[in-house]
Amino acid sequence: MLINAWRKLKQEGVVGINQRNANYILKYNQRKYYPLVDDKIKTKQLATAHGVSVPPLYAHIQYEYELGELANILNNLNDFVIKPTHGAGGDGIIVITARAHGRFRKANGTLITAKELEHHCINIISGVFSLGGHRDSVLIEYRVKSLPLFERFSYNGVPDIRIIVLKGYPIQAMLRLPTQQSNGKANLHQGAIGAGIDLLSGMTETGVWFNEPITEHPDTGEEIAGTLIPGWLTILDIAARCYEMCHLGYLGVDIIIDEHHGPMMLELNARPGLNIQIANQQGLQHRLQAIESQTVERDAKERLQFVLDNFS
Amino acid sequence: MPAHRTHLLLVTLLLTLSGLAISLYQTMVLNIPLSPDSTDRIWIIDTNVTYEPREGRPAKVTLNIPDYDESYSLINERFISNNYGTMVTKNNKNRQVAWSIRRPEGFQSLYYRTTIHKNSSYETKTPSDETYAEKFIFTNPLEKLAAESLIEPIRKQSADIETFVSETVKRLNQQDNHNAQLLLDGDHSALHKAVVATRLLSNAHIPVELIHALPLNEASNVQPTVWMRCFDGNRRLYFNPENGVLGLPKNMLPWWRGTASVAQVKGGRNTHITFSVSSQEVSTLQLAQTEESLQGSLYSRFSLYNLPVQTQHVYHILLTVPLGVLVILVLRTFVGISTFGTFTPVLIALAFRETQLGWGIFLFTTVTALGLVVRAYLEHLRLLLLPRLGIVLTFVVIIMTLISLFSHNIGIERGLSVALFPMVILTMTIERISILWEERGANEALTAGAGSLLAAALSYLLMSSETISYVLFTFPGILLIVIAAMIVIGRYSGYRLSELSRFRAFLKEKADAD
């Protein structure tokens with residue numbers, strides 16, 4: 001029984017955590033480049049330097065005493081996102097969509113006072129959400145507005161696109177849809193839905209929710225499959241270009257589409273999760289191997305062409 | 001990549017082999033037992049020489065002492081005398097102790113105490129220093145004739161040294177053999193028979209020597225017996241001079257060679273020599289530690305048993321920690337159990353050593369649950385991280401104190417052991433559970449909590465085993481094998497057991513298609 005399951009997974013080319021760590025992350029991701037993706041400020045600067053568009057930064061708060069300025073900073077802002085610079089897995093992110101009654105309205109509709117926001121910032125700085133509990137800093141940035149197209153199957157948040165990129169070749173993609181369960185966040189382990197995306201066309205396929213396949217969004221009841229993601233080639237191009245930017249061979253690129261600004265690179269991940277395989281109903285192994293066997297050096301455009309020619 | 005593979009394989013092999021080699025050397029060569037309960041028998045032999053000195057004359061006592069080069073090995077030997085000069089020498093036959101004194105007064109008593117044990121592996125070294133009697137020339141023509149007529153038929157009938165010697169002794173013991181009786185000349189002591197047999201055999205070019213052996217029977221007056229010994233090229237053969245039977249009985253300690261008495265006293269009279277034998281069971285391990293041949297050796301200097309007892313106790317525990325970590329690694333890498341960090345479960349397991357498993361789990365759960373309540377309340381106060389941790393820690397200490405007091409009052413002494421839980425670990429566990437709880441929900445927090453407890457329980461079971469703790473402490477080379485195992489785990493790229501369930505969607509899809 002177990003052996004059969006094992007064989008079947010192997011046959012499907014499903015990559016497990018141990019294999020991902022041993023054969024891809026340890027092999028292709030050099031430790032020295034990790035800070036580039038773990039520090040969201042650095043990622044932002046790097047992306048800007050490489051002409052990859054990112055959500056604009058409003059403020060960066062490093063020390064507790066700077067929080068006195070918080071009220072001033074927020075004064076001019078109607079909506080924004082507060083993030084830990086070194087956060088992982090979407091923890092510690094607060095999305096403010098509007099102001100009401102002298103308070104801030106969170107994405108889930110509840111209100112939060114300025115004092116509470118300040119306390120949250122203190123928590124972030126003291127390292128509650130950072131990897132390894134180290135001191136951290138607060139990042140306040142532009143809130144990305146969802147496309148009307150996505151409105152129907154997202155709950156209190158903006159869907160984003162996760163693309164796995166090996167040596168600069170995008171090899172698998174999924175659309176991550178926030179749910180009530182995920183509290184508006186787009187992280188699968190927090191309860192977001194992952195919907196596979198056909199790499200060639202940018203068309204969504206059926207989704208996965210808590211490791212189980214799902215066809216309709218649990219909150220809105222909308223069909224998940226069959227939505228064409230606008231600007232798909234631009235999105236793939238951003239993903240491919242991130243390789244030269246951060247030098248990480250095995251990379252998870254998160255891209256979000258803003259109503260006004262179009263696709264933007266939200267963050268990079270040096271240890272992308274494996275649920276994307278369930279969302280696509282397809283193991284990563286075969287495509288990873290196809291890329292690994294490439295010996296020709298290609299630039300981002302050529303890599304993209306290779307992907308479009310070979311993976312569909 | 002293949003070069004990298006080969007390298008890893010080599011390192012793993014090297015570590016495993018070194019670990020095995022060190023441990024095997026300890027068991028096979030140093031006789032260190034694999035189990036702490038294994039015992040061995042040792043014999044303590046006291047040789048007492050007494051004599052009366054001649055007035056005003058210096059005295060010298062020479063005592064033959066065993067050489068321990070065969071199936072017995074020496075644990076220690078002591079020379080006990082009053083104001084004597086002591087010197088151990090070795091002549092071409094025997095090891096000897098010489099006691100000397102210028103002015104002995106009154107009745108003199110000297111002791112030689114030796115403690116020995118039987119070697120488990122019986123190996124006969126090729127005797128290099130054997131000194132056998134030269135060919136004996138019978139000068140008396142009558143004796144010469146008798147000797148020749150006794151030997152001649154044996155020479156014809158026997159095939160090898162073994163049968164030759166045996167047959168010679170047998171014939172010598174025949175009452176109706178006139179040749180034999182003539183040669184013995186009325187002296188029927190074992191010693192004399194052995195002497196005559198040796199002479200006869202020397203004429204047949206078979207070198208035989210006399211050996212006196214002490215039977216190891218627990219008694220206060222044990223008499224040594226005479227044996228004939230020869231070397232057939234492979235091993236030493238012992239013959240009983242009374243009946244020609246081959247082989248030294250069990251528990252016989254070869255003591256000295258030659259026809260002379262065991263002790264000579266110059267300048268004394270009325271010499272008496274008594275052997276008394278006692279034996280006792282000792283732990284094999286202790287035995288291996290005390291064996292004289294190992295004293296001062298490299299091994300004994302690096303043995304953990306040389307540390308102060310208090311420190312030994314600490315290392316007994318410390319050396320099992322890597323094994324506990326190995327369990328966690330296996331659980332996380334092969335099974336996919338989620339725990340709070342890698343080392344937290346091991347530290348909890350260490351605490352379980354003192355509290356016992358059931359109580360340990362109960363106390364740990366209680367303290368953590370109460371801590372979580374406090375942590376949940378503190379969330380409302382919006383405190384900075386470090387003060388919050390400080391408060392939780394203080395609260396943990398208070399809970400621990402209360403549990404101890406309470407359980408003491410109702411008479412459950414076990415509850416006192418809660419104090420042995422590492423409170424910092426408890427505090428960090430509480431903090432991590434509560435953050436996980438908030439961020440990922442109760443489900444994941446409790447799963448990780450239960451996973452940590454399960455991992456802790458499993459590594460506790462392994463780490464608390466007396467045998468495992470003994471084996472690791474005695475054979476620390478095994479830690480190299482543990483490292484090798486960790487390297488193998490470190491390169492494991494197969495599925496985790498939990499992933500078979502995580503990716504079950506793939507299995508279902510396939511089944512539908514079929």
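This section describes two residues and a cavity of chain A, together with the overall make-up of chain B, in a predicted model.

The cavities of the structure were examined first. Three cavities of 30 Å³ or more are present in the structure, and the second largest of them holds about 60 Å³ of space. Its lining is formed by A:Lys40, A:Thr43, A:Lys44, A:Val54, A:Pro55, A:Lys83, A:Leu139, A:Glu141, A:Met265, A:Leu266 and A:Glu267. Two or more lining residues each are supplied by α4 (40-49), β6 (138-141) and β13 (262-269) of chain A. In terms of residue character, the lining of the second largest cavity comprises five nonpolar, one polar and five charged residues. Because both domain 1 (14-53 + 146-310) and domain 2 (57-141) of chain A contribute residues to this lining, the second largest cavity lies between the two domains.

A:Thr179 is located in the loop that runs between β8 (169-177) and β9 (193-197) of chain A. The relative accessibility of A:Thr179 is 1%, and the residue therefore counts as buried, the cut-off for this class being under 20%. Polar atoms of the A:Thr179 side chain are placed beside the backbone at two positions: a distance of 3.2 Å separates one such atom from the backbone nitrogen of A:Gln181, and a distance of 2.7 Å is found to the backbone oxygen of A:Gly191. When neighbours within four places in sequence are left aside, the contacts of A:Thr179 comprise A:Tyr155, A:Gly184, A:Gly191, A:Ala192, A:Ile193, A:Trp209, A:His217, A:Pro218 and A:Asp219. A:Gly191 thus appears both in this set of contacts and as the residue whose backbone oxygen lies 2.7 Å from the A:Thr179 side chain.

A:Ala98 belongs to strand β3 (residues 94-100) of chain A. With a relative accessibility of 22%, A:Ala98 counts as partly exposed, since buried residues are those under 20%. Beyond its neighbours within four places in sequence, A:Ala98 is in contact with A:Asn78, A:Asp79, A:Arg103, A:Phe104 and A:Arg105. The C-alpha atom of A:Ala98 lies 28 Å from that of A:Ile224, a residue 126 residues away along the chain.

Chain B was considered as a whole. Its secondary structure consists of 18 helices and 13 strands. Chain B has 514 residues, of which 44% count as buried. Among the contacts in chain B with a separation of 6 or more, 75% are between residues 24 or more positions apart.

Terms used. Residues are numbered from 1 along each chain as its sequence is written. Chains are lettered from A and ligands numbered from 1 in the order in which they are written. This is a predicted model: local features need pLDDT of at least 70, side-chain atom pairs count only at pLDDT 80 or more; totals for chains, interfaces and linings use all residues. Side-chain values use heavy atoms; hydrogens and water are left out. Helices (H or I, at least four residues) and strands (E, at least two) are DSSP runs, numbered from the N terminus. Buried means under 20% relative accessible area, exposed over 50%, partly exposed in between (1.4 Å probe, protein chains only). A polar contact is a pair of N or O atoms within 3.5 Å; within protein, one must be able to donate a hydrogen and the other to accept it, and residues adjacent in sequence count only if both atoms are side-chain atoms. Contact means heavy atoms within 4.5 Å. On a 1 Å grid over the protein atoms alone, a cavity is a set of points where a 1.4 Å probe fits but cannot get out, and a pocket is an open set with protein on both sides within 12 Å along at least five of seven lines; lining residues have an atom within 4 Å of a point. Grid points are joined across faces, edges and corners, and a volume is the space filled by probe spheres set on the points. Ala, Val, Leu, Ile, Met, Phe, Trp, Tyr, Cys and Pro count as nonpolar, Asp, Glu, Lys and Arg as charged, and the others, Gly among them, as polar. Domain bounds come from an automatic or database domain assignment.
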